[in-house]
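Thank you all for coming; I would like to take a few minutes to walk through one model with you. Please have the structure open while I talk, so that you can look for each place as I name it.

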Amino acid sequence: MNTLSLRAAALAGTAFAALTSAPALAEPSFDLILGGDAYFQGAYIRQQQDEGLRSREFANRYRLVVTPTATADNGLTYGARLRIVAGNGDPTVSTRNIENDRAFLFANGAFGTIQAGVINGLSDEYGMIGPNVEGVAGSPDSNGILFLNGSSTFGALPLAATSLRTLIAYDTGTKLVYITPSFGGLSAAVSYMPRSGDSNTSVNRRTTDALGDLLSFRDVVEAGGAFQTAVGDFSIEGSAFYATGKAVRQTDGVVSQSFEDLNSVHVGANVGYGPVKVGASYAYSGDSGYAEGLAQTRAQQNWIFGAQYTAGPLLFAANYLRALGNDSATMSTPSKADIWQGGVTWTVAPGFTAGLEYDYVQSALQAARPDGGDLKDRAHIVMLDTRLAF
């Protein structure tokens, strides 16, 4: 990250603030930290259920992080963080709009850390899904399976195939977060979100939604902790989180639909020795978010097993993910997916990597064929992933 000192601009900044009637003045002790990342991905896809689809596609994303921060004489560090995103990660939407997925205040001291604003869930930020995280070719979080969009298979995948931790940990609704100091490598945390999907200056106090709206949860609480330690070449780390919340009922004034409340747990652990690291994770969300009264349900859960080996600038990774649940498109039909992944990531230069990944996806949607049989698919994905982090 690059730090741009604002001290030289203090006089100009004060004058500008006065002219615009700003409610608070930035003191000269504030520093502005800029960082971010970007990726370009290209994929070749072969699958059984590919009628009307091309076999080649590209995707890219650019994120810029802006953090004004200062440290008081008593050691308190405080500031705010904004993350601007070009590309929202949704393969079903083609847009060049710029949006934010982080916008929060923070304070850090001997008491721990407090964060308040638009931010992702605790398990999404700190939950461990094995050693292969985003940015590693062969990671379950690499976005490889998003290249199945457009096929009947993509919507038929269970939500647990892409929501790898607690069920809605990816939601960046406005939250209040507290994280304890680290005690021997162990930190605990708790967060509260009044309503999922409710961000920035939005105020939504409704306890019911219109029939057919996207599913929402209210009064969402997530709590858990993470542990890390290392002795010589040996390291161990683990995490556990639980999320709960009330599902928002939907109605048109005559007909109403209720949904199952949120109850979701995620645990994960990694063990490393020298250049080798192995790990696993498990997430269980049961019937969370399903419409009440469904004829068929399959408990939402996933298992992840991963391993990696580092040799100089090369990182070799392998991963297996099994996901169960109802289909993510309608949340009404049982489905399952098994995903095998392997890849190699080359650190070309500091902050610059290139990776090659292979994914094999085997999926089934229960009784979805005209003859009553399961709708099955097999997909092969070869993806080139180039990334810049600064």
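For a compact globule of 390 residues one would expect a radius of gyration near 21 Å, and the chain in this predicted model has 22 Å, which agrees. Taken along the principal axes, the C-alpha atoms fill a box of roughly 75 × 60 × 40 Å. Buried residues make up 40% of the chain, while the area that the chain exposes comes to about 19700 Å², with carbon and sulfur atoms supplying 59% of it.

Turning to the fold, the chain has three helices and 20 strands. If we take the contacts with a separation of 6 or more, 62% of them are between residues 24 or more positions apart.

Let me pick out one sheet, which is open and made of three strands in the order 9-12-13, with mixed pairing. Strand 9, residues 208–210, and strand 13, residues 256–257, are its edge strands, each pairing on one side only. Strand 9 and strand 12, residues 249–251, run parallel and are joined by three bridges, and if you look at Thr-208, you will find Arg-249 of strand 12 opposite.

Now to the aromatic rings. A pair of such rings is described by the distance of the centres and the angle of the planes. How many aromatic pairs does a search of the whole structure find? The search finds six, and I will describe two of them.

In the pair of Tyr-62 and Phe-390, the ring centres are 6.5 Å apart and the planes stand at 70 degrees, and because an angle over 60 degrees counts as edge-to-face, that is the class of this pair. The pair links distant parts of the chain, since Tyr-62 is in strand 3, residues 56–71, whereas Phe-390 is in the segment after strand 20, and the two are 328 residues apart. Tyr-62 is partly exposed at 43% relative accessibility, and Phe-390 is also partly exposed, at 31%.

The other pair is Trp-340 with Tyr-360, which is tilted, with 5.7 Å from centre to centre and 35 degrees between the planes. Trp-340 lies in strand 18, residues 334–349, and Tyr-360 in strand 19, residues 352–365, so this pair ties together parts that are 20 residues apart in sequence. Trp-340 has a relative accessibility of 37% and therefore counts as partly exposed. Finally, ring pairs link Trp-340 and Tyr-360 with Tyr-320 into a cluster.

Technical notes
Residues are numbered from 1 along each chain as its sequence is written. This is a predicted model: local features need pLDDT of at least 70, side-chain atom pairs count only at pLDDT 80 or more; totals for chains, interfaces and linings use all residues. Side-chain values use heavy atoms; hydrogens and water are left out. Rings of Phe, Tyr and Trp (its six-membered ring) pair if their centres lie within 6.5 Å; planes under 30 degrees apart count as stacked, over 60 as edge-to-face and the rest as tilted. Helices (H or I, at least four residues) and strands (E, at least two) are DSSP runs, numbered from the N terminus. Buried means under 20% relative accessible area, exposed over 50%, partly exposed in between (1.4 Å probe, protein chains only). Two strands pair if DSSP finds at least two bridges between them. The radius of gyration is taken over C-alpha atoms; the globule rule is 2.2 Å times the number of residues to the power 0.38. Contact means heavy atoms within 4.5 Å. Accessible areas come from the Shrake-Rupley method with a 1.4 Å probe; for residues, only the protein chains shown count as cover.
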